[in-house]
Amino acid sequence: MAPPAMRPTAFRQVALAAGRDLDATLAFWRDILGLDTHAIFEPPGIAFILAGEVRLLFSGGTPQATVYLDVPGLDAFCEQARAAGAAFTALPSLVHIDRLGQFGAAGENEWMAFLKDPAGNTIGLVERRPG
């Protein structure tokens, strides 16, 4: 089957759960990840954060997604986040050697770390490094 002539080109929005405490979740994203709240709508109890061109939508509920964020200087960022109280589920580690350039420049390595926000959403932190 041939791919469609028209297809998505970028993420517009990612929906994430805010759990029981929208304020605590937004504070985590602000204080640990450095991303400010863009808009809050009460009711119905939803909020938006802009991460580059992607909108993150937070609403009540159980964790429902993993979002991956590019983070230059991943090791230093993770040290800073841990000092601020972030609990990592995985510290920075090599996850992919991109010999063919499938996800960026050929020969680069992809490193990732993982943590959770207060609502339990998984956040992957990604850095591309020279091979």
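How many helices and strands are there in the protein?

**Figure 1. Here is the whole protein, shown as a predicted model.** The count comes to two helices and eight strands. If you trace the chain from its start, the elements come in the order β-α-β-β-β-β-α-β-β-β. Measured out along the principal axes, the C-alpha atoms fill a box of roughly 50 × 45 × 20 Å. There are 131 residues, and 37% of them are buried. Among contacts with a separation of 6 or more, 52% link residues that sit 24 or more positions apart.

**Figure 2. This view is about the surface and charges of the protein.** The accessible surface comes to about 8,100 Å², and carbon and sulfur atoms account for 56% of that. As for charge, the protein carries 10 positive side chains and 14 negative ones. The centres of those two sets lie 6 Å apart.

**Figure 3. One open sheet has four strands, in the order β1-β4-β3-β2.** Its pairing is mixed. β1 (13-17) and β2 are the edge strands, each with a single partner, so one side of each has no neighbour in the sheet. From one strand to the next, the twist averages 20°. Strands of a sheet pair through backbone hydrogen bonds, and they can do so in parallel or antiparallel fashion. Here β1 runs parallel to β4 (residues 54-59), with five bridges between them. β3 and β4 are antiparallel and are also joined by bridges, five of them. β2 and β3 make an antiparallel pair too, over four bridges.

**Figure 4. Zoom in on Phe58 and Ala47 to follow the bridges across this sheet.** Phe58, in β4, is the bridge partner of Leu16. Phe58 is also the bridge partner of Ala47. Ala47, in β3, in turn stands opposite Ile40. Phe58 turns up once more among the residues that Thr25 touches.

**Figure 5. Two cis peptide bonds come one after the other, at Glu42-Pro43 and Pro43-Pro44.** Most peptide bonds are trans. What are the omega values here? For the bond joining Glu42 and Pro43, omega is about -20°, while for the one joining Pro43 and Pro44 it is about 20°. Where does Pro43 lie? Look in the loop between β2 (37-41) and β3 (46-51); Pro44 is found in that loop between β2 and β3 as well.

**Figure 6. Gly52 takes a positive phi in the hairpin of β3 and β4.** There are two residues between the strands of this hairpin, and the phi of Gly52 is near 65°. For background, most residues other than glycine have a negative phi.

**Figure 7. Thr25 sits in helix α1, which covers residues 22-31.** Is Thr25 buried or exposed? Thr25 is buried: its relative accessible area is 0%, against a cut-off of under 20% for buried residues. Leaving aside residues up to four places away in sequence, Thr25 touches Ala17, Ala18, Phe58, Asp117, Pro118 and Ala119.

**Figure 8. The other view of an open four-stranded sheet has the order β5-β8-β7-β6.** Pairing is mixed in this one. The edges are β5 (66-70) and β6 (88-98), and each of them pairs on one side only. The twist from one strand to the next averages 25°. β5 and β8 (residues 122-129) run parallel and share five bridges. One residue pair to look for is Tyr68, whose bridge partner in β8 is Gly124.

**Figure 9. Helix α2 (residues 74-83) packs on the sheet of Figure 8.** The helix touches β6, β7 (108-116) and β8. Which angle does its direction make with that of β6? The angle is about 170°.

**Figure 10. Ala83 is an exposed residue in helix α2.** Its relative accessible area is 72%, and the cut-off for exposed is over 50%. How far apart are the C-alpha atoms of Ala83 and Phe114? They are separated by 15 Å, with the two residues 31 apart along the chain.

Technical notes:
Residues are numbered from 1 along each chain as its sequence is written. This is a predicted model: local features need pLDDT of at least 70, side-chain atom pairs count only at pLDDT 80 or more; totals for chains, interfaces and linings use all residues. Side-chain values use heavy atoms; hydrogens and water are left out. Buried means under 20% relative accessible area, exposed over 50%, partly exposed in between (1.4 Å probe, protein chains only). Contact means heavy atoms within 4.5 Å. Accessible areas come from the Shrake-Rupley method with a 1.4 Å probe; for residues, only the protein chains shown count as cover. Lys and Arg count as positive and Asp and Glu as negative; His and the chain ends are not counted. The place of a charge is taken as NZ of Lys, CZ of Arg, CG of Asp or CD of Glu. Two strands pair if DSSP finds at least two bridges between them. Axes are lines fitted to C-alpha atoms, for helices over the stretch in contact, and angles run from 0 to 180 degrees between N-to-C directions.
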